[in-house]
Amino acid sequence: MTESLKLNEKVIVALDVDSREKALGLAQELAGSGCWLKVGLELYALSGLNLIEEFKKLGFQIFLDLKLHDIPTTVEKTMRVLTASGVDMINVHCSGGYEMMARSAEVCHRAGKKIIGVTVLTSMGEQELSAIGVQNGTEQQVVRLAKLARKAALDGVVASAQEAKILRQECGSEFLLVTPGIRPEWSEKNDQVRVLTPRKALEAGSSYLVVGRPITMAESPREALDRLWD
Ligand code: C5P
């Protein structure tokens, strides 16, 4: 296996597109490259689990990014439905609490799927956190929720690549760190502010890199994927 094929297995391409056709077109272009696909709320709302089965036929591993957050019973029952599909990794909000995470983790693991937690959304600054009653600083809150996720047997968390180093120290070497905010030197930043290059993010301890627009908006998505490692 070439170096870039092996590295591509750590890339999760965020399919933030507004139609099933665009999503399938991108998937066909990227098939065989080794990368994962991320299906978020918009695409899921448009196409549901059916599209995920199409992606599976093309050989992809799938991260379903729905950020579930509800009472434990509701999330557990939803997990039973989702894990019966071809998804490989699912997420919940850590702020849903220990019981919600633990019961979800049990369902996912029984089905052989991975489950990760969302700590603090990067759209939430310290002022917004304080407005919802969180007195901790952002990093302190991220670490607190990541440790709770670990205790509840989640496989890891979604976190900014900037937080990867401290989370790796606090949560150990096996904990998955799935990090967005990735930009190769050659790419535009779009609305991302604090970014790391793919190689720097891996050095900081990321397990998987979530990359969207540098690949999905490129003239040749497949070429852009391979150029992540330039
Ligand atoms: O296009 P881009 O590479 O910025 O896409 C990043 C993906 O990661 C998007 O799907 C976005 O919703 C997601 N994300 C993020 N920052 C977070 C969490 C998720 O950019 N903190």
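Begin by selecting Thr122 together with the ligand: in this predicted model, a polar atom in the side chain of Thr122 lies 2.6 Å from a nitrogen atom of the ligand. Next, add Asp16, where an N or O atom of the side chain is 2.7 Å from an oxygen atom of the ligand. Then display the backbone of Arg213, which places a polar atom 2.7 Å from an oxygen atom of the ligand. With a surface switched on, consider the cover that the protein provides: the ligand alone exposes 460 Å², and the protein buries 80% of that area.

Now turn to the pocket itself. The ligand takes up the space of the largest pocket. Select the surrounding residues, which are Ala14, Asp16, Lys38, Thr122, Pro180, Arg183, Gln192, Val210, Val211, Gly212, Arg213 and Pro214. Colouring this shell by class shows five nonpolar, three polar and four charged residues. To relate the shell to secondary structure, highlight strand β8 (208–211) and helix α10 (213–216); each contributes at least two residues to the shell.

Leave the ligand and move to helix α3, which spans residues 41–57. Select Glu54 and Lys57, whose side chains form a salt bridge with an N to O distance of 3.3 Å. Why are these two residues separated by about one helical turn? Glu54 and Lys57 are so placed because they lie three residues apart in helix α3. In general, side chains of opposite charge can pair when their charged atoms come close. To finish, display the salt bridges throughout the model; the structure holds 13.

Definitions and conventions: Residues are numbered from 1 along each chain as its sequence is written. This is a predicted model: local features need pLDDT of at least 70, side-chain atom pairs count only at pLDDT 80 or more; totals for chains, interfaces and linings use all residues. Side-chain values use heavy atoms; hydrogens and water are left out. A residue is near a molecule or strand if one of its heavy atoms lies within 4 Å of it. A polar contact is a pair of N or O atoms within 3.5 Å; within protein, one must be able to donate a hydrogen and the other to accept it, and residues adjacent in sequence count only if both atoms are side-chain atoms. Accessible areas come from the Shrake-Rupley method with a 1.4 Å probe; for residues, only the protein chains shown count as cover. On a 1 Å grid over the protein atoms alone, a cavity is a set of points where a 1.4 Å probe fits but cannot get out, and a pocket is an open set with protein on both sides within 12 Å along at least five of seven lines; lining residues have an atom within 4 Å of a point. A molecule sits in a cavity or pocket if more than half of its atoms lie within 2 Å of its grid points. Helices (H or I, at least four residues) and strands (E, at least two) are DSSP runs, numbered from the N terminus. Ala, Val, Leu, Ile, Met, Phe, Trp, Tyr, Cys and Pro count as nonpolar, Asp, Glu, Lys and Arg as charged, and the others, Gly among them, as polar. A salt bridge is a side-chain nitrogen of Lys or Arg within 4 Å of a carboxyl oxygen of Asp or Glu.
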